[in-house]
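Here are some short exercises to work through with the model open beside you. Try each one before reading its solution.

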Amino acid sequence: TSSKRTLRTLFRPAALPLPVISEKSPSQKKLLAYHKGKEQQKMINQLLIDRALEVYYISMDETDKRDAAPPVTELPSTVRKYFFIKYYLFLKNCVQSNPMVPIQQQWLRSMLAMVPQSLMEGRDRELLTEDILKEIVMDYEKSMQRCVLRRALITPDIKELDKLEEEAPLPLLPLGLDFSSTWHDSYIKAKKQIISTLHILHPTMKTLLDFGYSAFFNFLVVDFSSSRLKGPVDCKSLKTDASLSCSKAEDKIMSIWYQRVIGLFTQSEALDGVKLDQLESFYNCVAVLMSNQLKELLQRTTEVFVKLFDPEDRSRLPIFKMDLTFDDNRMEFYPSLQDLEEAILFVVDCIGQTLQNFQTIRAWLTGGTATLDAELPAHTVQWAKSTLQKSIRNNLEGPKEHFKGYVENYGWFVDGSAEERINRFIAEQPSFDEYT
């Protein structure tokens with residue numbers, strides 16, 4: 001019926017401008033051409049909007065059509081903008097619903113071929129590989145979808161549309177990086193440079209490593225592994241034995257290992273192939289290698305000493321002599337439990353202070369004073385002391401209970417309680433039988 005709105009009543013037909021037939025001057029023609037271009041652009045924009053409204057109107061159901069807006073000429077700008085946004089989202093949904101070209105299986109196989117086989121073994125790693133491949137496929141499809149969308153549609157410059165766009169902008173290419181060449185050339189160049197400048201590959205370094213291995217592989221600065229077989233030891237003797245053992249070990253290393261190293265570098269063959277401008281770096285490499293050997297010796301000695309107090313293996317746990325004393329009406333251990341803990345931790349400090357005065361080869365040859373860095377790492381010292389303190393407290397639970405039993409059973413004899421009971425009993429003047 002005439003009362004119903006149809007597409008013809010909603011959307012008017014496009015009207016082209018009437019042709020202008022007259023003789024004009026060049027300036028007038030130029031001005032008219034500019035005006036005509038603007039009119040045509042305005043007309044094209046109007047046609048696009050009308051077409052968008054028409055397509056959107058066709059996509060609506062009958063209920064929405066009955067409540068549709070009035071003809072285009074009567075629509076306010078906000079409503080027209082709303083319809084345009086709806087039309088853009090409709091086209092975007094159409095593009096996104098199209099199937100994407102799947103990722104080629106050859107690409108995935110090439111990616112897996114670049115992963116070392118050792119990292120692919122095991123059930124957990126197989127599951128991890130599957131998850132990573134699924135993530136790669138999802139990222140690929142998402143990227144392809146976004147790429148196709150940006151090629152097919154241009155996002156209109158409407159502020160309200162920015163709130164509806166959930167996708168982040170595509171990442172920009174990094175600036176200043178050259179991807180034209182592969183990494184292989186730079187890898188080969190770096191490898192050649194390392195071979196020519198890495199002094200650890202020098203034959204002298206191999207000889208130095210052999211000296212350290214033969215001197216230290218079965219040697220400890222302090223060895224209390226057989227202390228339990230010798231019977232109980234007091235804290236003072238423990239400190240004395242630790243100091244003497246460290247001093248003897250330092251003299252032995254100085255007279256055997258260090259002298260062999262000095263003899264090696266007094267020979268001219270030790271510097272074969274080393275250029276004059278590389279001498280400093282070469283001797284620095286020697287100092288680092290020697291420092292690492294001394295540190296490894298001290299660290300291994302510390303670990304062996306700490307292992308003596310392993311709560312799960314008490315077969316080599318040292319036995320300490322302690323006296324239960326009574327003086328000035330007080331019962332206590334001598335030495336105290338705190339003194340025992342300090343004596344055991346003293347051994348760790350004594351090990352860490354050993355081998356700290358060895359000159360570097362460069363300093364020995366030139367008369368300098370530089371020494372090798374053989375200091376134990378701070379984390380190693382902290383680990384050793386914390387482990388020993390925990391083990392000492394656990395092992396002292398027995399003596400503490402023993403001491404507690406003495407105090408509970410006999411403490412009333414020495415704290416005045418017994419004397420007070422006797423005096424009170426006598427003051428009561430008991431009978432002979434009660435005395436008995």
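Buried means under 20% relative accessible area, exposed over 50%, and partly exposed in between, with a 1.4 Å probe and protein chains only. Helices (H or I, at least four residues) and strands (E, at least two) are DSSP runs, numbered from the N terminus. The model is predicted, so local features need pLDDT of at least 70 and side-chain atom pairs count only at pLDDT 80 or more, while totals for chains, interfaces and linings use all residues. Residues are numbered from 1 along each chain as its sequence is written, and side-chain values use heavy atoms, with hydrogens and water left out.

**Exercise 1.** Find the buried residues of α6.

*Solution.* Start with the helix itself: α6 covers residues 123-152, which is 30 residues. From first C-alpha to last, α6 reaches 44 Å, close to the 44 Å expected at 1.5 Å a residue; the expected span is 1.5 Å times one less than the number of residues. Now apply the burial cut-off to α6: Thr 129, Leu 133, Tyr 140, Arg 146 and Leu 149 are its buried residues. For the background, 26% of the 436 residues of the chain count as buried.

**Exercise 2.** Work out how α10 and α12 are oriented to each other.

*Solution.* First take the axes, which are lines fitted to C-alpha atoms, for helices over the stretch in contact, with angles from 0 to 180 degrees between N-to-C directions. The axes of α10 (residues 235-265) and α12 come within 9 Å and cross at roughly 0°. Therefore α10 is roughly parallel to α12, a label for angles under 35 degrees (over 145 is roughly antiparallel, 65 to 115 roughly perpendicular, the rest oblique). Next, look for contacts, meaning heavy atoms within 4.5 Å. On the α10 side the meeting residues include Leu 238, Ala 242 and Cys 246, and on the α12 side they include Ala 343, Val 347 and Cys 350.

**Exercise 3.** Describe the surroundings of Thr 354 and Thr 302.

*Solution.* Begin with location: Thr 354 is in the loop between α12 (337-352) and α13 (361-366), whereas Thr 302 is in helix α11 (residues 279-307). Thr 354 is buried because its relative accessibility is 2%, and Thr 302 is buried because its value is 2%. Then follow the side chains: that of Thr 354 reaches the backbone oxygen of Cys 350 at 2.8 Å, and that of Thr 302 reaches the backbone oxygen of Leu 298 at 2.9 Å. Finally, leaving out residues up to four places away in sequence, Thr 354 touches Val 221, Cys 246, Glu 250 and Leu 298. With that exclusion, Thr 302 touches Val 348, Ile 351, Leu 376 and Ala 384.

How values were computed: Polar contact = N/O pair within 3.5 Å; in protein donor to acceptor, adjacent residues only side chain to side chain.
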